[in-house]
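Here are my notes on the model you sent, set out as numbered points. Please read them with the structure open.

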Amino acid sequence: MAAKIPADEHKALDINASGNKISSSGGTTNATTEQSDGESDDEADKHANEVTATAGEGGAKKRKNKKKNKKKKRKGPTLQTDPPSVLISQLFPDNNYPRGEEVQYENENRYRITDEEKRHLDHINSDFLTDYRQAAETHRQVRQRAQKNIKPGQTLTEIATGIEDSVRRLVGHDGLSEGDGIIAGMGFPTGLNLDEIAAHYSPNAGCKSVLQQDNVMKVDIGVHVNGRIVDSAFTMAFNPTYDNLLAAVKDATNTGVREAGIDVRLGELGGLIQEAMESYECEINGTTDPIKPIAGLSGHTILPYSIHGSKRVPSVKTDDTTKMEEGDVFAIETFGSTGTGRVHNQGEVSHYALRRDAPKVNLHLSSAKSLLNTIKKNFSTIPFCQRYLDRLGQEKYLLGVRNPQSRVMYLKCLTTRQLNNLVKSGIVEDYPPLVDQKGSYTAQFEHTILLRPTVKEVISRGEDY
Ligand SMILES: [Co+2]
């Protein structure tokens, strides 16, 4: 889920100006590390190897090599069903979830791999890692099935609910009883953004949109376990015309993921992302368009139960000298566009989140109070959408109602009004859809990375992207 940079804050610089290379002290290479953590790693390897073929790319390759000679090694199949129904915690007993792609720090930070103190810090963080890896494996399994099954002709509503039902089933929390969604489930509303819509569109009740053969669809999925949110997105197109657009953005995001590391400066990282993105162009209906990074949308740190921390990863060079630091969790995401590369708010809002710094306001309407209470109890500060509220309500009011559909629409209007109240009071933040010029096409790829004390872990990496 993208962070929006206010227009007056993104001062893009000329990337050809001097000093656009990240100093060697912070850069990292793409080499995966040897796993060097002792017994618990071997246990994790064993389970990952026997149970599934969907582990993170780098990690999975390492494991395959290691166990090459074992008779028992079979390629897949996973024990997961289709549609998925087996809990991730059952597929990987004893919390031995697959690791993401682990990438060694380089140069001045190379010592971290074996440093006793850093290894100790890693060990005391094992709950954090376990929750993150469970969320990431859920993400991979759900999205890989989505990539296989999403087809033109399906409604955006059925695509979104299909993804969300799968996530909730695999983490074992349907989110319907009070507070259940705070334990594990959706990390934010499923973004299904078509063509010029870059971010923050999710169908509301009554949405009639149907996926078309020529659409370019960004699928942005958030999964959380105990508030540890994995934020990762990909783009689907059924027409090969857009291949270069997708390739550009995938390259830009992978550049950001590769060059990210402790001590790396955010503005310089943006320059490298920009360079990668702008080295592509895309021919659509006979005209060749340059591919522009969308400067107003950025990657971001992720905090517990909160999708947007305070640091931003721009996709263009800026003068932001803020450094990435040990312990940071970053969503590295880039957007490319055949349009202007600028986005504006447009269309019906679906995404909301309770503000962490929400002021104490005396709400006059009891309906607004009760909605705020529902939000606090079921989502805390995790972003949600109108459909997530609808499904909480439906459980109760569908029981005795003759015409459930009209009741749903009536309650939807009521909910929208109360949400607007909460937004105006500064308690809830709304995230309107962000849209480039009509007729343009935008693409997005995104990974979540953990800057662990010893190693960088690309937690959401999979064989797909
Ligand atoms: Co994001």
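**Notes on the predicted model**

1. I start with a pairing in this predicted model: His-300 stands opposite Ala-331, which belongs to strand E13. The two strands concerned, E11 and E13, pair in the antiparallel sense over 2 bridges.

2. His-300 also appears in an annotation, since the unreviewed UniProt entry lists Asp-231, His-300, Glu-333 and Glu-446 under "binding site". Although these residues span 216 residues in sequence, no two of their C-alpha atoms are more than 10.8 Å apart, and they therefore gather at one spot.

3. Asp-231, one of the listed positions, lies in strand E7, which covers residues 228-237. Is Asp-231 buried or exposed? Because a residue is called buried from 20 or more C-beta neighbours within 10 Å, Asp-231, with 29 such neighbours inside 10 Å, counts as buried. Leaving aside neighbours within four places in sequence, the contacts of Asp-231 include Met-1, Gly-187 and Gly-222, as well as Ala-331 and Glu-446; of these, Ala-331 is the residue that His-300 stands opposite, and Glu-446 is itself on the UniProt list.

4. Glu-333, also on that list, is found in strand E13, residues 329-337, and counts as buried with 31 C-beta neighbours inside 10 Å. Outside the four places on either side in sequence, Glu-333 is in contact with Ala-2, Ala-233, Thr-253, Gly-299, Gln-444 and Glu-446. Glu-446 is thus a contact of Asp-231 and a contact of Glu-333.

5. Strand E11 (residues 297-301) deserves attention in its own right, because 5 of its 5 residues are buried, so that it is largely enclosed by the rest of the structure. Besides its pairing with E13, E11 pairs in the antiparallel sense with strand E1 (residues 3-4) over 2 bridges, where Lys-4 stands opposite Leu-297. Strand E12 (residues 312-313) likewise pairs with E11 in the antiparallel sense over 2 bridges, with Gly-299 opposite Val-313; Gly-299 is also among the contacts of Glu-333.

6. A further point concerns an open sheet of 3 strands, in the order E16-E15-E17 and with antiparallel pairing. Strand E16 (384-385) and strand E17 (428-431) stand at the edges with a single partner strand each, so one side of each is left without a neighbour in the sheet. Strand E15 (residues 351-354) pairs with E17 in the antiparallel sense over 4 bridges, and within this pairing the bridge partner of Ala-353 is Glu-429 in E17.

How values were computed
Residues numbered from 1 in each chain as written. Predicted model: local features only at pLDDT ≥ 70, side-chain atom pairs only at ≥ 80, totals over all residues. UniProt positions renumbered as here; feature names shortened; annotations may be inferred. Buried ≥ 20, exposed ≤ 12 C-beta atoms within 10 Å, placed from the backbone. Contact = placed C-beta atoms within 7 Å. Pairing = 2+ DSSP bridges.
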